[in-house]
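Ready for a little practice in reading a protein model? Take a pencil, open the viewer and work through the exercises one at a time.

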Amino acid sequence: ARATLHGCPLWRRTISVAASKHQTIQMRHGAAAGDGGGDDAYLSGEYGGSPLNRFRGPSASNASPIHPSRLLHVASVPSDMTQAELTELFSSHGPVSRVKFLTPKAHDESRPQRSDRKMALLELPSVQDAAEAICSLHNFEVNGTRLRVSFSSSSLSN
């Protein structure tokens with residue numbers, strides 16, 4: 001995060017990421033993971049062994065950092081959402097110059113492909129606008145589905 005996000009613009013300011021002077025992180029009393037003691041108990045969960053951790057497992061050597069860019073990857077787009085609706089949703093963070101819906105590839109024939117979800121690439125005018133869109137719209141609910149928004153390492157070719 002330090003190398004990727006340090007210096008990234010966000011809300012007309014620049015993000016500054018540095019190492020913490022603290023050696024450990026201590027949650028307030030009653031908020032530890034698993035004890036049901038607080039709304040923020042999920043903050044102390046251990047995700048290192050998760051299958052979703054892209055820096056562990058057999059494909060870890062292929063994982064490279066995705067740097068902030070004007071191009072966003074939007075996943076879990078409801079199947080009934082149109083390009084115009086997606087453009088309108090993101091346009092509050094700057095004019096959307098291009099949108100392209102993607103068709104997911106079937107990686108495993110034993111797993112049925114989910115046809116009820118779409119993915120899209122979306123280009124905003126600046127990295128700052130893209131970072132603001134991620135902060136505002138990641139996990140945003142649309143038609144009962146939560147959008148997943150992140151910077152994209154793909155290219156948006158016609």
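Below are four exercises on this predicted model, each with a worked solution.

**Exercise 1. Helix α3**

Task: Find out how many residues of helix α3 are buried, and what covers them.

Solution:
- Step 1. Locate the helix: α3 runs over residues 127-137.
- Step 2. Count the buried residues. Eight of the eleven are buried, so the helix is mostly covered, with buried meaning under 20% relative accessible area.
- Step 3. Name them: Gln128, Asp129, Ala130, Ala131, Glu132, Ala133, Ile134 and Leu137.
- Step 4. Look at the surroundings. The cover over these buried residues includes β1 (9-10), β3 (71-78), α2 (83-90) and β8 (148-151).

**Exercise 2. One residue of the helix**

Task: Decide whether Ala133 is buried or exposed, and list which residues it touches beyond four places away in sequence.

Solution:
- Step 1. Place the residue: Ala133 belongs to helix α3.
- Step 2. Check its accessibility. The relative value for Ala133 is 0%, so this residue counts as buried.
- Step 3. List the contacts. Leaving out residues up to four places away in sequence, Ala133 touches Leu72, Phe90, His93, Leu124 and His138.
- Step 4. Take one partner further. Ala133 and Leu72 are 61 residues apart along the chain, and their C-alpha atoms are separated by 8.9 Å.

**Exercise 3. Positive phi angles**

Task: For Ser76 and Asn143, state the phi angle, then say where each residue sits.

Solution:
- Step 1. Start with Ser76. Its phi is positive, about 60°, although Ser76 is not a glycine.
- Step 2. Find its surroundings: Ser76 is part of strand β3, and it is buried, with a relative accessible area of 8%.
- Step 3. Turn to Asn143. Here phi is near 50°, again a positive value in a residue other than glycine.
- Step 4. Find its place: Asn143 lies in the loop between β6 (141-142) and β7 (145-146). With 57% relative accessibility, Asn143 counts as exposed.
- Step 5. Add one more case: Asn139, which follows α3, has a positive phi near 70°.

**Exercise 4. Looking for disulfides**

Task: How many disulfides does the structure hold, and why is Cys135 not bonded to Cys8?

Solution:
- Step 1. Search the whole structure: zero disulfides turn up.
- Step 2. Check Cys8. The nearest cysteine sulfur belongs to Cys135 and is 8.7 Å away.
- Step 3. Compare with the cut-off. A disulfide needs sulfur atoms within 2.5 Å, so at 8.7 Å the sulfurs of Cys135 and Cys8 are too far away for a bond.
- Step 4. Add the accessibility: Cys8 counts as buried at 5%, whereas Cys135 counts as partly exposed at 44%.

Terms used:
Residues numbered from 1 in each chain as written. Predicted model: local features only at pLDDT ≥ 70, side-chain atom pairs only at ≥ 80, totals over all residues. Heavy atoms only, no water. Buried < 20%, exposed > 50% of the residue type's maximum accessible area, 1.4 Å probe, protein only. Helix = DSSP H or I, 4+ residues; strand = E, 2+ residues; numbered from the N terminus. Contact = heavy atoms within 4.5 Å.
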